Amino acid sequence: MAASRAASAVAFEWPPSTRLVFKLRGDYRGPVEGTAQVEWLRSGTRYQVHLETSIGPVLSRHITSEGELTDTGLAPRRFDGEQKVIFRAARRWQVRFGPERVVLVDGSEVPTQPGVQDEASQFVQLTWLFTTQPDKLKVGRSVEMPLVITRKLERWTYDVIGEESLVTPFGSLPAWHLLPRREGTPSTLSIETWFAPSLQYLPVRILIRDNKESWIDLTLDKPPLQAGAAK
């Protein structure tokens, strides 16, 4: 088993670029529709992940993670966010990741944790993890991840619920469904994710629930656009 994991990890190559385009629907004080895009960029051992969502002219949100590629996946160094709502001033926030401390949005500092991720990098980190260790995708198994989100650093646990068939504009896709749990006090925030083995374990659906009434559902709208892996 250890040998097969090592071989898989060696075979993995970070692509120079990948773009995923999603259709957005949901409910936020009423039904909403829009688009979203995830873009991955790599230069040497540096990476950037951009996640942009748009609901017509009313609301747009852009988050960016940047950092280093390591033997254990992504190591974020900086996370930036910007949200624009019509008739309101833009809101911006930032998180900085140091070797020992993480500086949160409000300027407070907390001790870092091994493997910590941010709101954008978590999806790519899980893609890397499932590509290099596909045996983790079995019903009943879980993946733990320290995650900076909503102004806190908490440990999240993603439970593997099962494999489902998702209907997309370009066909049916088998995908593994992950459901999160958060350490400590129960929270209304939930980020369910579906990863497709046939598409290099990329996320093909992301369902975000902010409370019992508000939710955003992103489903892949077209095949991924990806540059060839570096030789």
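**Entry 1: Q117**

I began with Q117, which lies in strand 9 (residues 117-118). The coordinates I consulted belong to a predicted model. I looked up the accessibility of this residue and found a relative accessible area of 0%, so Q117 is buried. I then asked which backbone atom lies 2.9 Å from a polar atom of the Q117 side chain. I found that atom to be the backbone oxygen of L74. I next listed the contacts of Q117, leaving aside its neighbours within four places in sequence. The list holds L74, P76, F97, Q122, Q125, M145, P146, L147 and V148. L74 therefore appears in my notes twice, as the residue whose backbone oxygen lies 2.9 Å from a polar side-chain atom of Q117, and as one of the residues in contact with Q117, a residue I had noted as buried at 0%.

**Entry 2: aromatic pairs**

I turned to the aromatic rings and recorded 4 aromatic pairs in the structure. One of them joins W14 and W40 in a stacked arrangement, with 5.2 Å from centre to centre and 20° between the planes. I checked where the two partners sit. W14 is in the loop between helix 1 (2-11) and strand 1 (17-27), whereas W40 is in strand 2 (residues 31-43), so this pair ties together parts that are 26 residues apart in sequence.

I also looked up a second pair, W40 with Y47. This pair is stacked too, at 5.7 Å centre to centre and with 5° between the planes. I noted that W14, W40 and Y47 form one aromatic cluster.

Are the members of this cluster buried or exposed? I applied the cut-off for buried, which is under 20% relative accessible area. W14 has 14% relative accessibility and therefore counts as buried. W40 is buried at 4%, and Y47 is buried at 2%.

**Entry 3: a charge over a ring**

I looked up what lies over the face of W194 and found R205 there. The distance I recorded from R205 to the ring centre is 4.2 Å.

**Entry 4: the largest pocket**

I read the volume of the largest pocket as about 1100 Å³. Its lining comprises 37 residues, and those closest to the pocket centre are R61, Q83, R91, E119 and D210. I then asked which element gives the most to this lining. Strand 3 does, with 4 residues. I noted further elements that each supply at least two residues of the lining, among them strand 4 (59-70), strand 5 (73-85), strand 6 (91-97), helix 2 (121-132) and strand 10 (142-149). Strand 14 (202-209) and strand 15 (215-220) also each supply at least two residues.

**Entry 5: backbone angles at Q200 and Y201**

I closed with phi angles. Most residues other than glycine have a negative phi. I found a positive phi of about 60° at Q200, which is not a glycine. I also found a positive phi of about 60° at Y201, again not a glycine. Q200 is in the loop between strand 13 (190-196) and strand 14, and Y201 lies in the loop between strand 13 and strand 14 as well. I looked up the accessibility of both residues. Q200 is partly exposed, with a relative accessible area of 46%, whereas Y201 is buried at 17%, because buried means under 20% relative accessible area.

Key: Residues are numbered from 1 along each chain as its sequence is written. This is a predicted model: local features need pLDDT of at least 70, side-chain atom pairs count only at pLDDT 80 or more; totals for chains, interfaces and linings use all residues. Side-chain values use heavy atoms; hydrogens and water are left out. Rings of Phe, Tyr and Trp (its six-membered ring) pair if their centres lie within 6.5 Å; planes under 30 degrees apart count as stacked, over 60 as edge-to-face and the rest as tilted. Buried means under 20% relative accessible area, exposed over 50%, partly exposed in between (1.4 Å probe, protein chains only). A charge sits over a ring if NZ of Lys or CZ of Arg is within 6 Å of the ring centre and within 35 degrees of the ring normal. A polar contact is a pair of N or O atoms within 3.5 Å; within protein, one must be able to donate a hydrogen and the other to accept it, and residues adjacent in sequence count only if both atoms are side-chain atoms. Contact means heavy atoms within 4.5 Å. On a 1 Å grid over the protein atoms alone, a cavity is a set of points where a 1.4 Å probe fits but cannot get out, and a pocket is an open set with protein on both sides within 12 Å along at least five of seven lines; lining residues have an atom within 4 Å of a point. Grid points are joined across faces, edges and corners, and a volume is the space filled by probe spheres set on the points.
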